[in-house]
Amino acid sequence: MQAPQGFIPNCETEHTSTEMLQTFPGGKVRMNYDKTTGTATAYVDGRPIGTWKDLTIRTWGDILYTLQTTFNHIISKL
C-alpha cells in the first residue's frame with residue numbers, strides 16, 4: 001500500500017546504538033531496523049513477516065502505513 005502524503009505512523013520510536021525500533025501500541029506490531037546491516041524487519045505477534053534492505057524514506061513510510069492499516073485490529077488503542 002502506498003502511504004498518503006503527510007502520513008505519520010502511530011508508533012513509538014526508540015534508538016539504540018545498533019537499532020531503531022518502531023513499535024505500535026500494544027507491542028504486537030513492530031518494525032526493527034539494524035543500523036549495522038541496513039536491514040529492516042517487520043514483526044507481528046513476534047513472528048517476522050517481511051525483511052527489506054536499502055529502503056528509501058518513501059518505502060519505509062509505505063511499510064509502516066501497511067502495517068498500521070492491515071493489522072489495525074490487533075494494535076491496541078491505548
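# Core, sheet and helix of a predicted model

In this predicted model, the largest nonpolar core has 14 residues. The residues with the most contacts inside this core are F24, V29, M31, W60, L64, L67 and F71.

User: Which element gives the most residues to the largest nonpolar core?

Analyst: β3, β4 and α1 each supply at least two residues of this core. The largest contribution is four residues, and the element that gives them is α1.

User: Which residues does V29 touch, leaving out those up to four places away in sequence?

Analyst: V29 is among the core residues with the most contacts inside the core. β3 covers residues 29-34, so V29 is at the start of that strand by the DSSP numbering. Its partners are Q22, T23, F24, Y43, V44, L67, F71, I74 and I75.

User: What is the order of the strands in the sheet?

Analyst: The protein contains one helix and five strands. The sheet is open and its pairing is antiparallel. The order of its five strands is β1-β2-β3-β4-β5.

User: Which strands stand at the edges of this sheet?

Analyst: An edge strand has a single partner strand, so one of its sides is left without a neighbour in the sheet. This holds for residues 12-15 and for residues 47-53. The edge strands are therefore β1 and β5.

User: By how many degrees are neighbouring strands of this sheet turned against each other on average?

Analyst: The value is an average over neighbouring strands of the sheet, and direction is ignored. It comes to 15 degrees.

User: Over how many bridges do β1 and β2 pair, and which residue stands opposite H15?

Analyst: β2 spans residues 19-23, and its pairing with β1 is antiparallel, over four bridges. The residue of β2 opposite H15 is M20.

User: At what angle does α1 run to β3?

Analyst: In the chain, the elements run β-β-β-β-β-α from the N terminus on. The helix α1 lies across β2, β3, β4 and β5. Its angle to β3 is about 155 degrees.

User: Which side chains meet in the salt bridge, and what is the N to O distance?

Analyst: The structure holds one salt bridge. D62 and R58 are four residues apart in helix α1 (residues 57-70), which means that about one helical turn separates them. D62 counts as buried at 16% relative accessibility, whereas R58 is partly exposed at 40%. The side chains are those of D62 and R58, and the N to O distance is 4.0 Å.

User: Is D54 buried or exposed?

Analyst: D54 lies in the loop between β5 and α1. Although D54 is not a glycine, it has a positive phi of about 55 degrees. Its relative accessible area is 69%, and the cut-off for exposed is over 50%, so D54 is exposed.

User: What is the relative accessibility of D45?

Analyst: D45 is placed in the loop between β4 and β5. D45 is not a glycine, yet its phi is positive, at about 55 degrees. D45 counts as partly exposed, with a relative accessibility of 40%.

User: What is the radius of gyration of the protein?

Analyst: The C-alpha trace spans about 30 × 25 × 20 Å along its principal axes. For 78 residues the globule rule gives 12 Å, and the protein is close to this, so it is as compact as a globular protein of that length. The radius of gyration is 12 Å.

Conventions. Residues numbered from 1 in each chain as written. Predicted model: local features only at pLDDT ≥ 70, side-chain atom pairs only at ≥ 80, totals over all residues. Heavy atoms only, no water. Buried < 20%, exposed > 50% of the residue type's maximum accessible area, 1.4 Å probe, protein only. Pairing = 2+ DSSP bridges. Axes fitted to C-alpha atoms, helices over the stretch in contact; angles between N-to-C directions. Contact = heavy atoms within 4.5 Å. Core = buried A, V, L, I, M, F, W, Y, C linked by side-chain atoms within 4.5 Å. Rg over C-alpha atoms; globule rule 2.2 N^0.38 Å.
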